[in-house]
Amino acid sequence: MLKTKKMIPLAVPHMSGMEEKYIQKAFQENWIAPLGSNVDGFEASIASYNHVSEAAVVSSGTAAIHLALQLLNVSAGDTVFCSTFTFVASINPALYLGAKPVFIDSEEETWCMSPIALKTALEDARQKKQLPKAIIVVHIYGQSAKMDEIIALADEYGVPIVEDAAEALGGTYRNVPLGTLGDLGIFSFNGNKIITTSGGGALVSKQPEKIAEARFLASQSKEDAPYYLHQQVGYNYRLSNVLAGIGIAQMDVLNDRVAKKQEIFAAYEAGLADVPSIIMMPELDVATGNRWLSTMTFDTDEKTPEDVMALLKAKGIDSRLLWKPMHQQPLFQDAPFYADEAGDVATKLYETGLCLPSSTQMTQEEQEYVIEAVKNILSK
Ligand SMILES: *Cc1c(COP(=O)(O)O)cnc(C)c1O
């Protein structure tokens, strides 16, 4: 039995202790603004970690996606292909621009975008003479999609890729950082992500001119003139210099956090191996996810994920259902959906899966307690 009475949380922020030093620096320099040395330092750190020359930090991951779509000239009436198995923030920016999402199913080996469903959707779009302006590929729970196949299709049809790596900072595909394989990539530093600035996001690209343009758009598109000159729509999306200070200190511990998340996943995998109904989230041989959240599916007629979540809660354990697919949301009831050859994989994942506690501060004792509880609930 666990000694402490408090809930074991799903995932909570994990500060390094050095954040306040950088916050203090912002105060000392009196750069309490969306620019300053912390913003520059945080951008440099994200760029170098991800082997790109430039990164732009912004107020949220959602803002970064909005900028990415704006950079690709997504506008009213355009279509954008989106992973259905994701958080709604992947899609909302398309709606801000008046574009119409088309949802692409997951496949079973990565839970990410199905190249087979994508191919069907692209063939259809070509026939209807309305190819999408962008494909937003989500690396769900920090796990890489099948990028070789997806990039080959995107190239064949000439459609740019935006990687929503909001959950995937620190993950790789063929040793290339997730977020840097497509045309544009985004990260999130919201409170529940692998590192956090309380709220924030970043845009990366191998093309530095794209990042310069993003910074321009994120600063109200203010032209370089002696008076206020504006020629196009702009946004107020730059990240606060105070919050960027948190980000610099968090980047210093990112590799530790990734290693710990992977350890947590491995412990679940080993601890739950003898429960035949449980399958932990799979991973491609060529990819290394950051294991942001440890997730599993289970195969039993007796209990739904909601039942299991309630039973865990009664034992002081916080868990979460998997993302409810976007094509199942009332908001998108009219949007087209392309299923994988195995059927509607995303819905099946939602109906059979659960996220387990994955905080990097979790003790071994707490994790053993969770494993025992899950075993008790699902072994019967
Ligand atoms: C968190 C998240 C976002 C949005 O990031 P915010 O910083 O919260 O705006 C986008 N996509 C996915 C997949 C996410 O998990």
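Let me begin at the N-terminal end of helix α8, where Ser240 acts as the cap, with a side-chain oxygen 3.0 Å from the backbone nitrogen of Val242. Please keep in mind throughout that this is a predicted model.

Staying with α8, its end C-alpha atoms are 17 Å apart, which agrees with the 16 Å that its 12 residues should span at 1.5 Å a residue. The helix is mostly covered, since 10 of those 12 residues are buried, and the buried set includes Asn241 and Val242 at one end of the list and Gln250 and Met251 at the other, with Gly245 and Gly247 also among them. Which elements cover these buried residues of α8? The cover includes α1, α2 and α9, the last of these being residues 254–271.

That brings us to α2, which runs over residues 37–49 and reaches 18 Å from its first C-alpha to its last, close to the 18 Å expected for its 13 residues. Its buried residues are Asn38, Val39, Phe42, Glu43, Ser45, Ile46 and Ala47. As general background, an α-helix has 3.6 residues a turn, so residues three or four places apart point the same way. The cover over the buried residues of α2 includes helices α1, α7 and α8, together with strands β1, β8 and β9. Just after α2, His51 takes a positive phi of about 55°.

Two further residues have positive phi values without being glycine: Asn73, near 60°, and Ser198, near 80°. Asn73 sits in the loop between α3 and β2 and is exposed, with a relative accessible area of 55%, while Ser198 belongs to the loop between β8 and β9.

Let me turn now to the ligand, which is surrounded by 15 residues, the closest being Gly61, Thr62, Glu167, Ser188 and Lys193. By class, this shell has 4 nonpolar, 8 polar and 3 charged residues. Which side chains place polar atoms by oxygen atoms of the ligand? Thr62 has a polar side-chain atom 2.5 Å from a ligand oxygen, and Ser188 has one at 2.7 Å from an oxygen atom of the ligand. On the nitrogen side, an N or O atom in the side chain of Asp164 lies 2.7 Å from a nitrogen atom of the ligand. As for enclosure, the protein covers 94% of the 380 Å² of accessible area that the ligand has on its own.

Note on methods:
Residues are numbered from 1 along each chain as its sequence is written. This is a predicted model: local features need pLDDT of at least 70, side-chain atom pairs count only at pLDDT 80 or more; totals for chains, interfaces and linings use all residues. Side-chain values use heavy atoms; hydrogens and water are left out. Helices (H or I, at least four residues) and strands (E, at least two) are DSSP runs, numbered from the N terminus. The expected span of a helix is 1.5 Å times one less than its number of residues. Buried means under 20% relative accessible area, exposed over 50%, partly exposed in between (1.4 Å probe, protein chains only). Contact means heavy atoms within 4.5 Å. A residue is near a molecule or strand if one of its heavy atoms lies within 4 Å of it. A polar contact is a pair of N or O atoms within 3.5 Å; within protein, one must be able to donate a hydrogen and the other to accept it, and residues adjacent in sequence count only if both atoms are side-chain atoms. Accessible areas come from the Shrake-Rupley method with a 1.4 Å probe; for residues, only the protein chains shown count as cover. Ala, Val, Leu, Ile, Met, Phe, Trp, Tyr, Cys and Pro count as nonpolar, Asp, Glu, Lys and Arg as charged, and the others, Gly among them, as polar.
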